[in-house]
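Hi everyone, thanks for making time. I'd like to walk you through one structure today, so please have the sequence and the 3D view open.

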Amino acid sequence: MDKTTRLTLAANLAAGRQQKNVSIEDIERIGISKSRYYRYINGEVDITVADLHKLLELLSMSFSEALYHTVEEADIIQNREISVLTN
């Protein structure tokens, strides 16, 4: 994943956390420290697949939704990809 994509994903996860009123304490309960979470959100470190999976579950988000920020955008991209694959 390139740096721009990583930063977009981090920003969308942070926005999703705020929109869904998920506290930092909730994130700590799933095993991600406050400092690690903020370092990831600020682009200072990468996130592991396991931690990303935990965050997505906590936020009730799909990877596509987190990457594209909205379900609508994710659906548009997914439909476009399916169309390309079937043609």
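Let's begin with helix α3, where the packing is easy to follow. What covers the buried residues of α3? The cover includes α1 (3-19), α2 and α4 (49-59). The buried residues themselves, in this helix of residues 34-41, are Tyr-37, Tyr-40 and Ile-41. Looking down the axis of α3, you find them within an arc of 95°, so they line one face of the helix. After α3 comes Gly-43, with a positive phi near 80°.

Before going further, a word on confidence. This is a predicted model, and the mean pLDDT of the protein chain is 84. Residues that reach 70 or more make up 78% of the chain. Where is confidence highest and where is it lowest? Helix α2 (residues 24-29) is at the top with 98, while helix α6 (residues 71-86) is at the bottom with a mean of 54. I'll therefore keep in mind that confidence is lowest in α6, and local features need pLDDT of at least 70 here.

Now the overall layout. The protein chain has 6 helices and 0 strands, and read from the N terminus the order is α-α-α-α-α-α. The chain has 87 residues, of which 29% count as buried. For the contacts with a separation of 6 or more, 56% are between residues 24 or more positions apart. As for the outside, the accessible surface comes to about 5700 Å², and carbon and sulfur atoms account for 52% of that.

Next, the charged pairs. How many salt bridges does a search of the whole structure find? There are 3.

Let me take the pair of Arg-6 and Asp-46 to start with. Their closest N and O atoms are 3.1 Å apart. This pair links distant parts of the chain: Arg-6 sits in helix α1 and Asp-46 in the loop between α3 and α4, 40 residues apart. Both partners are partly exposed: Arg-6 has a relative accessibility of 30%, and Asp-46 has 47%.

Then there is a salt bridge in helix α2, between Asp-26 and Arg-29, with an N to O distance of 2.8 Å. These two are 3 residues apart in the helix, so about one helical turn separates them. If you want the general rule behind that, an α-helix has 3.6 residues a turn, so residues three or four places apart point the same way. What about exposure? Asp-26 is partly exposed because its relative accessible area is 22%, just as Arg-29 counts as exposed because its value is 64%, with over 50% being the cut-off.

The remaining pair to show you is Asp-51 with Lys-54, where the closest N and O atoms are 3.7 Å apart. Here too the spacing is 3 residues, this time in helix α4, and again that is about one helical turn. Is Asp-51 buried or exposed? Asp-51 counts as buried, because its relative accessibility is 12% and the cut-off is under 20%. Lys-54, on the other hand, is partly exposed at 31%.

Staying with buried polar residues, please find Asn-12 in helix α1. Asn-12 has 10% relative accessibility, so it counts as buried. What does its side chain meet? A polar atom of the Asn-12 side chain lies 3.1 Å from the backbone oxygen of Leu-67.

Last topic: backbone angles. Most residues other than glycine have a negative phi. Against that background, have a look at Asn-21, a residue other than glycine whose phi is positive, near 55°. Asn-21 is in the loop between α1 and α2, and with a relative accessibility of 68% it counts as exposed.

Ser-60 also has a positive phi, near 55°, and is likewise not a glycine. You'll find Ser-60 in the loop between α4 and α5 (63-68). With 57% relative accessibility, Ser-60 counts as exposed.

To pull the threads together: we have a chain of 6 helices and 0 strands, a helix α3 whose buried residues line one face, and a salt bridge from Arg-6 to Asp-46 that links distant parts of the chain. Thanks for listening, and I'm happy to go back to any of these residues in the viewer.

Definitions and conventions. Residues are numbered from 1 along each chain as its sequence is written. Side-chain values use heavy atoms; hydrogens and water are left out. pLDDT is the predictor's confidence in each residue, from 0 to 100. Helices (H or I, at least four residues) and strands (E, at least two) are DSSP runs, numbered from the N terminus. Buried means under 20% relative accessible area, exposed over 50%, partly exposed in between (1.4 Å probe, protein chains only). The arc is that of the directions from the helix axis to the C-beta atoms. Contact means heavy atoms within 4.5 Å. A polar contact is a pair of N or O atoms within 3.5 Å; within protein, one must be able to donate a hydrogen and the other to accept it, and residues adjacent in sequence count only if both atoms are side-chain atoms. A salt bridge is a side-chain nitrogen of Lys or Arg within 4 Å of a carboxyl oxygen of Asp or Glu. Accessible areas come from the Shrake-Rupley method with a 1.4 Å probe; for residues, only the protein chains shown count as cover.
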